[in-house]
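The following exercises are to be worked with the sequence and the coordinates at hand. Please attempt each task before reading its solution.

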Number of protein chains: 2
Amino acid sequence: MSKEITSRKDDYSQWYNDLVIKGSLADYSAVRGCMVIKPYGFALWEKMRDQLDKMFKDTGHVNAYFPLFIPKSFFSREAAHVEGFAKECAVVTHYRLKNDASGAIVVDPDAKLEEELIVRPTSETIIWDTYKNWIQSYRDLPLLINQWANVVRWEMRTRLFLRTSEFLWQEGHTAHATAEEAKAETIQMLNVYADFVEKYMAVPVIKGVKTASERFAGAIDTYCIEAMMQDGKALQAGTSHFLGQNFAKAFDVKFSDRDNKLDYVWATSWGVSTRLVGALVMAHSDDDGLILPPKLAPLQVVIIPIYKGSEKKDVLDAKGASFAQQLKAAGISVKFDDNDNSRPGWKFAEYEMKGVPIRIALGLRDLENNTVEVARRDTKEKISMSMDGLTEKIVQLLDDIQQQMYNKALAYRKDHITNADSWEEFEKLLDEKGGFISAHWDGTPETEEAIKDKSKATIRCIPLDNPQEQGKCILTGKPSSQRVLFARAY
Amino acid sequence: MSKEITSRKDDYSQWYNDLVIKGSLADYSAVRGCMVIKPYGFALWEKMRDQLDKMFKDTGHVNAYFPLFIPKSFFSREAAHVEGFAKECAVVTHYRLKNDASGAIVVDPDAKLEEELIVRPTSETIIWDTYKNWIQSYRDLPLLINQWANVVRWEMRTRLFLRTSEFLWQEGHTAHATAEEAKAETIQMLNVYADFVEKYMAVPVIKGVKTASERFAGAIDTYCIEAMMQDGKALQAGTSHFLGQNFAKAFDVKFSDRDNKLDYVWATSWGVSTRLVGALVMAHSDDDGLILPPKLAPLQVVIIPIYKGSEKKDVLDAKGASFAQQLKAAGISVKFDDNDNSRPGWKFAEYEMKGVPIRIALGLRDLENNTVEVARRDTKEKISMSMDGLTEKIVQLLDDIQQQMYNKALAYRKDHITNADSWEEFEKLLDEKGGFISAHWDGTPETEEAIKDKSKATIRCIPLDNPQEQGKCILTGKPSSQRVLFARAY
């Protein structure tokens, strides 16, 4: 019945691709590195987006929209930024096509742009160029603006949701009168992301700061939340950057303070993307399909009638429709699937594949006993429940599933953060156990790079509130004052 | 106090630009033809988008997302489509920049794409290329998919919201088993658009069908809703296309029907864009600023306390905050503006500029009399209202304003649809009265073109359910069986 999925232990990477395709989340497209987000995947993204948008608005942010294109010269204004972003970009050079002598459609050489336009890989430059016109005085600050948009980074190796040339995201860009205020904003948004990922996606994260070499191009500090996937690899789930005055200086954005003194404006930026959909899939699902947390599942409950021929079909249908009505009234997204063309077994497999948190089956025996069969997608446990007070029990069960999914992911992560105190131990852990490895590092980018070259593991972050502890770098033996988290990453 | 706005009678076009800029809806950007949608303008667009999205979902549609880029060759597959769209497009030719010998950032000639990519001006081609993989049998139909996206059309003459190189829109793309079903969908979505524009934007529209020369490139029939602006010019507010089997044939999308016979799939597409924001501004506003219909206004009510020094300031503040609380509980978007830094007169002008439908002023005299002063933005009428039952009265007043704004626009339109029965009359009406002119036309594209050349008026549409009536073409005198609507248009 079920469309076949590669098992996690046979090929984790193929398992992920199978889930995304067969779970109807996304599809490949005719354009290299770009995906199509299918309706079911987009419904999931919409739920994530709407919740994040609410959290941004609750913290005083408003949405706006800035141009897709950025003049090439804008990138050169911030030295680090151009190195980090302008290199692998889609470049618009012409604005017209024409028919050539043979009638074929070709680029019109007469329609060459004076200055090439870059399809935005991120929008700091075009936004700070605009802020220049919006900010004169401290009264214009803070500016707390977010944008939901598509961006393009020309990736050579792409994977559905995790790394695509075009992706959807939000990018917050805020402007402040003081460094302290900007730093507080950076941390506030890191906390918003952590709350969202933990409470809605049911994925625990570690909050930390990136090393200099992993910083956003143009940032003073990059904060991140790091999640652990079921194969022990890390996935960066969101970043929040304290940009200092770098972009204000690059675009000459000054404000007069209360004492009428001119100073450059302080900035932050922060973003999460459709990559989170990939993280959600990888963190929870199993070999039978997706497992979605109730708070984000497009469909939370499916009710399936089990007919035996036409016996009492009308009673089953009426009962099923009535339960659906009650659940809907309680704010639950529910479907009563009375489609006659598919057999129950096929439906069970299909909704398992799609990760619907609760399946309710309703048969003749249930009618006699005043019960229904309730199956949880996360544990595959089946419970016979009395029909009395069903709605309240389902509401409670959805909460339980949400919490248990988080607990399970947290327990896995706890089991997979391990200290290593020598290079041999470090390599062995990486190869045999995986997960995050907490180890001493001498603090130099050279050592960081050497470790990456030898082991393919990167420093995921220096956790916030990291305990200080004397030790020796696992590679060089040089002194170190704290452990940092290493992992192989997506 | 008020930022100055050019008056409509002095310069209608400048009046519009002033409103958009000074009403904080949008701003120019560093990229030719692209605008920045400011937070207030975006909040307005969000309300429009959310309502439309609800109406699409209520009619069974789901959202998805398709790539920004379209391979150049895709456009050539549908002959009319390439003529209509591929010509004025942003073309991506390279995927990398590099530093040249002098260190300047230049396009890397080694990173030239094998096939150029077009930034989507509309997505029929990439979507039908995808549908080919999704549709095999009648069981896969209908596909009722919508996309919210940015698109780019390289416009030579741009105007904020009305015509920009990049704009935001939605594009519905549906696939059906029969021509009848696709035609019914085309009309259904035209009706959804008309309902939205009339009931939410308070702008009356005429539903009609376009002449062959005004059809969407690749459509069999293009249906449209046409609105009239305050200067009598027409603005096309939305289009819904019956595409026949044109795109299915171009992308070889066939399905097997119930009898296992293969046939090409039938298609529709339909879209509205941020252009609607421009229509909203032009249809209702006045020389003091925006006038927004209550159902779409980001802020529906503002409450302004009128202090005399510090006398009873705390009582005024408590009263104002309490009214705001009550209105909010009734689902009204409200702000209590107790900012001490601005004088009431400045605030009045500012909220008038922004088109907030109702302003409530609350002063010492009001406290004594148990009243408030309620000012309507649309008529500028001021009413002294008892504080008792204020919420209910405000809810009612918002409804009244919505209805009266529609009635006013409808009355204007009724006054500005005029029959013309000779060329002289036609030209005179266009130049002196404006509006829509109902006139006979011989039905040929040549005459349509000649009329356009001579008068700058185009056929806006042939209204649905148009009465049949024998007459003579105003230009050629040839026989005609019905009047059509002409106008100069945005």
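Three exercises on this predicted model follow, each with a worked solution.

**Exercise 1.** Determine the extent of the interface between chain A and chain B.

*Solution.* Begin with the residues: 62 of chain A are in contact with 62 of chain B. Next, take the area: the two chains bury about 5,000 Å² between them, and 67% of it lies on carbon and sulfur atoms. Finally, rank the contributors on chain A: A:Tyr65, A:Leu97 and A:Ile105 supply 13% of the area that this chain buries against chain B, more than any other three residues.

**Exercise 2.** Identify the polar and strand interactions that link chain A to chain B.

*Solution.* First, count the salt bridges between the chains, which number four. One of the salt bridges joins A:Arg96 to B:Glu88, with the closest N and O atoms 3.7 Å apart. Then count polar contacts: 26 residue pairs, both members at pLDDT 80 or more, are found between the chains. Lastly, examine the strands: strand 5 (residues 91-94) of chain A pairs with strand 5 (residues 91-94) of chain B in the antiparallel sense over three bridges. Within this pairing, A:Val92 has B:Val92 as its bridge partner.

**Exercise 3.** Establish whether B:Asp53 is buried or exposed, and describe its surroundings.

*Solution.* Locate B:Asp53 in helix 2 (residues 39-58) of chain B. Its relative accessible area is 14%; because this value is under 20%, B:Asp53 is classed as buried. Beyond four places in sequence, B:Asp53 touches A:Glu46, B:Asn63 and B:Trp148. The side chain of B:Asp53 makes polar contacts with the side chains of B:Asn63 (2.9 Å) and B:Trp148 (2.8 Å).

Terms used: Residues are numbered from 1 along each chain as its sequence is written. Chains are lettered from A and ligands numbered from 1 in the order in which they are written. This is a predicted model: local features need pLDDT of at least 70, side-chain atom pairs count only at pLDDT 80 or more; totals for chains, interfaces and linings use all residues. Side-chain values use heavy atoms; hydrogens and water are left out. Contact means heavy atoms within 4.5 Å. Buried area is the accessible area (1.4 Å probe) that two parts lose on being put together, summed over both. A salt bridge is a side-chain nitrogen of Lys or Arg within 4 Å of a carboxyl oxygen of Asp or Glu. A polar contact is a pair of N or O atoms within 3.5 Å; within protein, one must be able to donate a hydrogen and the other to accept it, and residues adjacent in sequence count only if both atoms are side-chain atoms. Two strands pair if DSSP finds at least two bridges between them. Helices (H or I, at least four residues) and strands (E, at least two) are DSSP runs, numbered from the N terminus. Buried means under 20% relative accessible area, exposed over 50%, partly exposed in between (1.4 Å probe, protein chains only).
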